[in-house]
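Let's take a walk through the aromatic rings of this protein and the charges that sit over them. Have the viewer ready and follow along.

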Amino acid sequence: MRREAGTVLDRRTGERCTSNGTSGGTTGGITTGGITAGGGMNTAGGAIGGGVTAGGVTTAGGGGGGTTCTTYYDLNVQRLGRTSWLGVAPETYDDARKGDHAEVRLWRGDVVELRVRGHIDSYPPSSQQAVLPWLAFGCLILAGGAWALVSGRLSGLFAFPNFGLLFVAVGVGWLGSMALFGGHPVVWVFAIVWTGFAVFWTVGAWRDG
């Protein structure tokens, strides 16, 4: 994991719109200043009404066609002579100002985390999905080996109480992945609660068994 200091150069927001498709007709639309206005038109298959989208809420005209729009918030961040637009949460966008100090975390060249004014935005790299299952699998191997050493009976590993180790392994892999690539504080809390509950259930099942 590498850290680089950066600076916020600019910010932008708007809407990205996609057509929902039509039935027996064609929809037309123009995107201007974050507002998408769909122009209705009559075709041989039927009439498609116009729709207007503003502020992330879509109002579709009649006839079965329409447009779905999502609001995006981007910050233009400069780091070591490079600039890139990074998507951020609305709260980060509202607080960020031009010239603010930013900290960027990178993993194998991919930006995985941005910190601005105390806000943290995470971006999963292409390799993250492959790391989590390997970490979970490694945790299971270690747990199985430890069980075999302590009990001397590998067959006992498949007892019902030990199925909780599967959930523990997922939690450990999840936490390990975020430790490497970073993660939102809310996701950290959820992963910790998941892992803690899995450990608690497994230990309780061992005692009851």
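In this predicted model, the ring-pairing rule gives a count of two aromatic pairs. Start with Y73 and Y93, whose ring centres are 5.3 Å apart and whose planes meet at 55°, making the pair tilted. To find the two rings, look for Y73 in strand β8 (residues 67-79) and Y93 in helix α1 (residues 90-95); because the partners are 20 residues apart in sequence, their pairing ties together separate parts of the chain.

How accessible are these two tyrosines? Y73 has a relative accessible area of 24% and is partly exposed. Y93 has a relative accessibility of 11%, so Y93 counts as buried, the limit being under 20%.

Now move on to the other pair, F167 and W194. These rings are tilted too, with 50° between the planes and 6.1 Å from centre to centre. Here the link runs between two helices: F167 belongs to α3 (residues 164-181) and W194 to α4 (residues 185-208), and the two residues are 27 apart along the chain. F167 is partly exposed at a relative accessible area of 46%, and W194, at 32%, is partly exposed as well.

Which charged residues sit over rings? Return to Y93, the buried tyrosine of the tilted pair with Y73: the charged end of R11 sits over the Y93 ring, 4.5 Å from its centre. R12 lies over the face of W85, and here the distance to the ring centre is 4.0 Å. Y93 therefore takes part both in an aromatic pair with Y73 and in a contact with the charged end of R11.

Definitions and conventions:
Residues numbered from 1 in each chain as written. Predicted model: local features only at pLDDT ≥ 70, side-chain atom pairs only at ≥ 80, totals over all residues. Heavy atoms only, no water. Phe/Tyr/Trp six-rings, centres within 6.5 Å; stacked < 30°, edge-to-face > 60°. Helix = DSSP H or I, 4+ residues; strand = E, 2+ residues; numbered from the N terminus. Buried < 20%, exposed > 50% of the residue type's maximum accessible area, 1.4 Å probe, protein only. Lys NZ or Arg CZ within 6 Å of the ring centre and 35° of its normal.
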